[in-house]
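Please read the report below alongside the sequence and the structure. It takes up enclosed spaces, then one helix, and then some details of the backbone.

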Amino acid sequence: MSEIPNSLIHESSPYLLQHAYNPVHWLPYSEKALAKAKFENKLILFSIGYSACHWCHVMEKESFEDREIADIMNANFVCIKVDREERSDIDMLYMGAVQLMTGHGGWPLNCFTLPNGKPVYGGTYFNKKEWKNILMQLEQVYRKEASKMEEYAEKLSAGMKQAELLNTSKNENVVLSREELNALIRKWQSGFDLEYGGDNRAPKFPMPGNYQFLLNYAIITKNDEVLKHVKQTLQHMSDGGIYDQLRGGFARYSVDKYWKVPHFEKMLYDNAQLISLYLEAYCQTGNEQFKNVAEQTLLFIEDEWMGKEGCVYSAYDADSEGEEGKYYVWTKEELKQHLKDDFDLFAELYSVNEVGYWEDGNYILMRNPKRNELALKHGISIDELIQIDNRCRGILLVLAQKRPKPLLDDKTITAWNALACSAFCKAFLMSGKEKYKKTAIDIISFILKQMYREDGGLWRIYKNGNCKVNAMLDDYAFVISALMDVYVISSNRDYLIKAEQLVSFTLKEFNNPESSLLFYADSKGDLMLRTTEISDNVIPSSNSQMALNLFKMGKYFGISVYIERANSMLAHVMEEAKRYPPGYSNWLQLALFELYPFFEIAIVGKHVDEMIQEVSKQGITNAILATARGEESLPLVKNRYVSGKTLIYVCKNNTCDLPLEKATDVKKRIEDHIK
């Protein structure tokens, strides 16, 4: 470590600040940094990661804190450090380059470019010896054979442009039938892990978008096999070590197929989406554990990540005190000392045995689902078992509070906050608890107050009262979706109007004149190539979410051009979806809405709040909800207010049946239509 900080000391990103005392002369991304590379005629190193990235920390410790390595880097390269969560457009561009060069990607992402930003070499984690060799070789090639390197960079850049062109110029006339969708699901099922849930491989990521789609598909098509797999996956995930059995919240992934050993970092985007998924699964199955997991995770976010302004922080690191997972694991000696007579039962409740053993005498708490059997074995009632469980967990939570916590990434990302807002909206609809409604409105109010630019666009990043980085397409897509969700829980049309304004802004600023798909960065971007995000990953792609938004907003406002645009975007990716359905699950959600009847449910009258919850708890997955307490001008509720009554209109393609007065009749009405 250096006693004198580098230029990152003036940044707000926790990831960049982690590297502020490296002896490497890191620069943040800026026009000034790019100009320096051109003036000094040096290769640029774009080193990209995020604060909770374990292998980023490893490479920093091995190489970036090493004086010899730093001297080589400083002498021969302009070294730019990038927080991938802040500048996701830079990450997307150079991740694409590294994937073209190597066939894979990940973080830390290290991409070397010419002074003009065109890539020439890249990879992910390198150990110290590898890194030193790469630095020396690249410097020599650039000094002695610059023309060859420039020729390669031109070819690679042309390949990147060609790949982008192929991504955005596919056949937009491809359609999907119900039979083809069913065939896709059968293909997908061949990769299911039928014993532990999830995909039949390791590591395992909790892909919330995939399971949200599969759940909706199973409900609409009455596919019991798919429903069983979703339930099995959610059960094993919430029983496993990937779920924090004490505090709530999921780690980013499990290194094994059993959901046992997590990569211990916790991310807001995972947990926000998983809350919504578990609540939906509870609604469809009645499994109380699913509800408990969602509510415990909501509490975790409220207690650990909520800022005073109404914003939500981003992540917890995997490491504490220099060790991965130290904050979360326990030794038998610790547990025996503090749980005393309750230890034996607790050890069975949370697999403090060969099942939960990790390494170095440490155990990962894993929930034993056989609670009734344990109660019988110990001669106690299930209520007594729950009391002992709660008492033990309470003791351990107090002890855990005394441990040094993992590093908190306390920056606020607009897209992730929007996902959290939607999760709290769902929690209110499922539980009726006003605190969830308040938190949802607090989050969206923060976004509307703090993250809006004067030109009507959004900022992406907020910290300590300051906003920076123009928002990306995912920020707009998830904020629009959250605004629709807040409209439903509040019956305040202003949220829906604001959503429509953002749709108009997005279609203008992210438009690709050559494609129905939208660019990831806006028209003010400063990179060599504007890229397009299409495939769904742990977070659904920005284009798939915008397509869903356009479909729903078209229904809300009767704007047919929005629905046509959504269908065009969907057709654009169908060939890829047929080849690899798990990578397009959010797109397939839109396909499901198009292939099966989709409904508009309008609830109008004094008792909207009670009715909206009753309707939501019925698990209707193929509908939008419109609400109004009185006369309104929005198309779905216009001229539908009747004084003294609260009426429910079930409509399809703007054609409505006679109104209902009982929420319990809504699902039957919809099922009658589907028959």
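Strand S7 (residues 262-267) supplies 3 residues to the lining of the second largest cavity, the largest share from any element. In this predicted model, that cavity has a volume of about 140 Å³. Its lining is made up of 15 residues, and those closest to the centre are Gly241, Tyr243, Asp244, Phe264 and Tyr328. Sorted by class, the lining of the second largest cavity comprises 9 nonpolar, 3 polar and 3 charged residues.

A search of the whole structure finds 3 cavities of 30 Å³ or more, and the largest of them has a volume of about 1100 Å³. Around this largest cavity stand 40 lining residues, with Gln212, Lys426, Ser481, Asp485 and Lys552 nearest its centre. Several elements give two or more residues to this lining, among them helix H9 (208-221), helix H11 (268-285), helix H19 (473-490) and strand S18 (623-628). Helix H17 provides the largest share of the lining of the largest cavity, with 7 residues.

The second largest pocket holds about 510 Å³ of space. It is lined by 20 residues, of which Asn292, Tyr350, Arg367, Arg371 and Asp389 are the closest to its centre. At least two lining residues come from each of helix H12 (288-304), helix H15 (371-377) and helix H16 (382-401). The table sets out the classes of lining residues for two of these spaces.

| Space | Nonpolar | Polar | Charged |
|---|---|---|---|
| Largest cavity | 22 residues | 14 residues | 4 residues |
| Second largest pocket | 7 residues | 7 residues | 6 residues |

Helix H5 (residues 88-102) has 15 residues and reaches 20 Å from its first C-alpha to its last, which is close to the 21 Å expected at 1.5 Å a residue. Its buried residues include Ile90, Leu93, Tyr94, Met95 and Val98, and the buried residues of H5 pack against strands S2 (43-49), S3 (77-83), S4 (109-113), S5 (119-123) and S15 (459-463), as well as against helix H7 (146-168). H5 is followed by glycine 103, which has a positive phi near 90 degrees.

In the loop between H5 and S4 lies proline 108, which is joined to tryptophan 107 by a cis peptide bond with omega of about 5 degrees. Another cis peptide bond, with omega of about 0 degrees, joins alanine 202 and proline 203, and proline 203 is found in the loop between helix H8 (178-189) and H9. Most residues other than glycine have a negative phi, and most peptide bonds are trans.

Which residues other than glycine have a positive phi? One of them is serine 351, with phi near 55 degrees, located in the loop between helix H14 (343-349) and strand S12 (362-363). Serine 351 counts as buried because its relative accessibility is 9%, and the cut-off for buried is under 20%. Valine 469 is another, with phi near 70 degrees; this residue belongs to strand S16 (residues 466-470) and counts as buried because its relative accessibility is 17%.

Is glutamine 18, in helix H1 (residues 14-18), buried or exposed? Glutamine 18 counts as buried, because its relative accessibility is 18%. A polar atom of its side chain lies 3.4 Å from the backbone oxygen of serine 51. Leaving aside residues up to four places away in sequence, glutamine 18 touches Ser51, His57, Glu60, Asp317 and Leu407.

How values were computed:
Residues numbered from 1 in each chain as written. Predicted model: local features only at pLDDT ≥ 70, side-chain atom pairs only at ≥ 80, totals over all residues. Heavy atoms only, no water. Helix = DSSP H or I, 4+ residues; strand = E, 2+ residues; numbered from the N terminus. Expected span 1.5 Å × (residues − 1). Buried < 20%, exposed > 50% of the residue type's maximum accessible area, 1.4 Å probe, protein only. Contact = heavy atoms within 4.5 Å. 1 Å grid on protein atoms, 1.4 Å probe; cavity = no way out; pocket = protein on both sides within 12 Å on 5 of 7 lines; lining within 4 Å. Points joined across faces, edges and corners; volume = space filled by probe spheres on them. Nonpolar A, V, L, I, M, F, W, Y, C, P; charged D, E, K, R; others polar. Polar contact = N/O pair within 3.5 Å; in protein donor to acceptor, adjacent residues only side chain to side chain.
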